[in-house]
Amino acid sequence: MSMQPLTVKFRKLHAAAVLPARQSDHAAGYDVYACLDHNVTISRGSISPIATGLAVEIPPGYHISIRARSGMAVKHGLTPVNTPGTIDADYRGEIFVPLINL
């Protein structure tokens, strides 16, 4: 069975936005990065939506999942609130990751 490559288009909404990237050959997914114009402090127990500066065009029938990174949880006590977060194929706005400080 031949698999066709899947094309997911990203659009930078801010010049400083960083496209998602795999950090190793065997990484299970792509890392996304905050795109902030100021420092953000998330108090213990608080939730803050973190901007990525990106919008995405996902092919119909697919979605993107936002999942926690164990290093962020262990080192900083930060994790996405709604893990896994889902970005639907028809969403075209900026991607935000809602983080909670545990």
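**A walk through a three-stranded sheet**

Let's start with the sheet in this predicted model: three strands, in the order E2-E7-E5, make up an open sheet with antiparallel pairing. Strand E2 (47–51) and strand E5 (78–80) lie at the edges and have a single partner strand each, so one side of each is left without a neighbour in the sheet. From one strand to the next, the twist averages 40 degrees. As a reminder of what holds such an arrangement together, strands of a sheet pair through backbone hydrogen bonds, either parallel or antiparallel.

Now follow the pairing of E5 with strand E7 (residues 96–101), which is antiparallel and runs over three bridges. A good residue to pause at is threonine 79, which sits in strand E5. Its bridge partner in E7 is isoleucine 100. Is threonine 79 buried or exposed? Its relative accessibility is 16%, and because the cut-off for buried is under 20%, threonine 79 counts as buried. Setting aside residues up to four places away in sequence, threonine 79 touches Ala68, Pro98, Leu99, Ile100 and Leu102.

From here we can turn to the core. In soluble globular proteins, nonpolar side chains tend to be buried together. In this model, the largest nonpolar core has 11 residues: Ile42, Ile50, Val56, Ile58, Ile66, Leu78, Ile87, Ala89, Ile95, Val97 and Leu99. Take valine 97 as a guide to its surroundings: leaving out neighbours within four places in sequence, valine 97 is in contact with Ser48, Pro49, Ile50, Thr52, Ile66 and Pro80. Two of these contacts, Ile50 and Ile66, are also listed in that core.

Note on methods:
Residues numbered from 1 in each chain as written. Predicted model: local features only at pLDDT ≥ 70, side-chain atom pairs only at ≥ 80, totals over all residues. Heavy atoms only, no water. Pairing = 2+ DSSP bridges. Helix = DSSP H or I, 4+ residues; strand = E, 2+ residues; numbered from the N terminus. Axes fitted to C-alpha atoms, helices over the stretch in contact; angles between N-to-C directions. Core = buried A, V, L, I, M, F, W, Y, C linked by side-chain atoms within 4.5 Å. Buried < 20%, exposed > 50% of the residue type's maximum accessible area, 1.4 Å probe, protein only. Contact = heavy atoms within 4.5 Å.
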